[in-house]
Amino acid sequence: MQRRKGFAYEREVVEVLKEAGFKAERCWGSNGRTRGLPEEVDIVCNIGPDYDLWFQCKRKKAISKYLIPTERIDATIIREDRGENLAVIRLSDLLTLMDKLR
């Protein structure tokens, strides 16, 4: 069940990327190694000549509310102690940024 749910979500994200005008493909079996990429890569999205973004998709029943950017901000920056800074951004905002990079 979880596997099907994950695959369906990956296909959904690929469709969103394609509708935004990008060339995007799901890695077979959600495994980037099938394309010579790191195993964690679920989706490859081309945003320009020789420039791809690699995405891993995670769908959860619920996400902690503090991670979700409010309507008044563009992204939530998070970090665990002694960890790397990460950004949580709406997919629509990411698509806008990607479009500007083309």
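**Exercise 1.** In which loop is T70 found? Determine its exposure and its spatial relation to R90.

*Solution.* The model under study is predicted.

Step 1. Locate the residue: T70 belongs to the loop between β3 and β4.

Step 2. Classify its exposure. The relative accessible area of T70 is 45%. Exposed residues are over 50% and buried ones under 20%, so T70 is partly exposed.

Step 3. Compare sequence and space. T70 and R90 are separated by 20 residues in sequence, and the distance from C-alpha to C-alpha is 9.9 Å.

**Exercise 2.** Characterise the largest pocket by its volume, its lining residues and the elements that supply them.

*Solution.* Step 1. Begin with the volume: the largest pocket holds about 1100 Å³ of space. Its lining comprises 29 residues, and those closest to the centre are Y9, K58, I63, V88 and I89.

Step 2. Assign the lining to elements. At least two residues each come from α1 (2–19), β3 (51–55), β5 (86–89) and α2 (91–101). With five residues, α1 provides the largest share.

Step 3. Sort the lining of the largest pocket by residue class: 20 residues are nonpolar, two are polar and seven are charged.

**Exercise 3.** Describe the second largest pocket by its volume, its central residues and the classes of its lining.

*Solution.* Step 1. The space in the second largest pocket amounts to about 310 Å³.

Step 2. Identify the lining. There are 14 lining residues in the second largest pocket, and Q2, G6, E10, C57 and K58 lie nearest its centre. K58 was also listed among the residues closest to the centre of the largest pocket.

Step 3. Divide the lining of the second largest pocket by class: two residues are nonpolar, five are polar and seven are charged.

**Exercise 4.** Examine the backbone angle phi at D50 and at R82, and establish the setting of each residue.

*Solution.* Step 1. Recall the general expectation: most residues other than glycine have a negative phi.

Step 2. Consider D50. Its phi is positive, about 55°, although D50 is not a glycine. D50 sits in the loop between β2 (43–48) and β3. Its relative accessible area is 83%, so D50 is exposed.

Step 3. Consider R82. Here too phi is positive, at about 60°, and the residue is not a glycine. The loop between β4 (75–78) and β5 contains R82. R82 counts as exposed because its relative accessibility is 82%.

Notes: Residues are numbered from 1 along each chain as its sequence is written. This is a predicted model: local features need pLDDT of at least 70, side-chain atom pairs count only at pLDDT 80 or more; totals for chains, interfaces and linings use all residues. Side-chain values use heavy atoms; hydrogens and water are left out. On a 1 Å grid over the protein atoms alone, a cavity is a set of points where a 1.4 Å probe fits but cannot get out, and a pocket is an open set with protein on both sides within 12 Å along at least five of seven lines; lining residues have an atom within 4 Å of a point. Grid points are joined across faces, edges and corners, and a volume is the space filled by probe spheres set on the points. Helices (H or I, at least four residues) and strands (E, at least two) are DSSP runs, numbered from the N terminus. Ala, Val, Leu, Ile, Met, Phe, Trp, Tyr, Cys and Pro count as nonpolar, Asp, Glu, Lys and Arg as charged, and the others, Gly among them, as polar. Buried means under 20% relative accessible area, exposed over 50%, partly exposed in between (1.4 Å probe, protein chains only).
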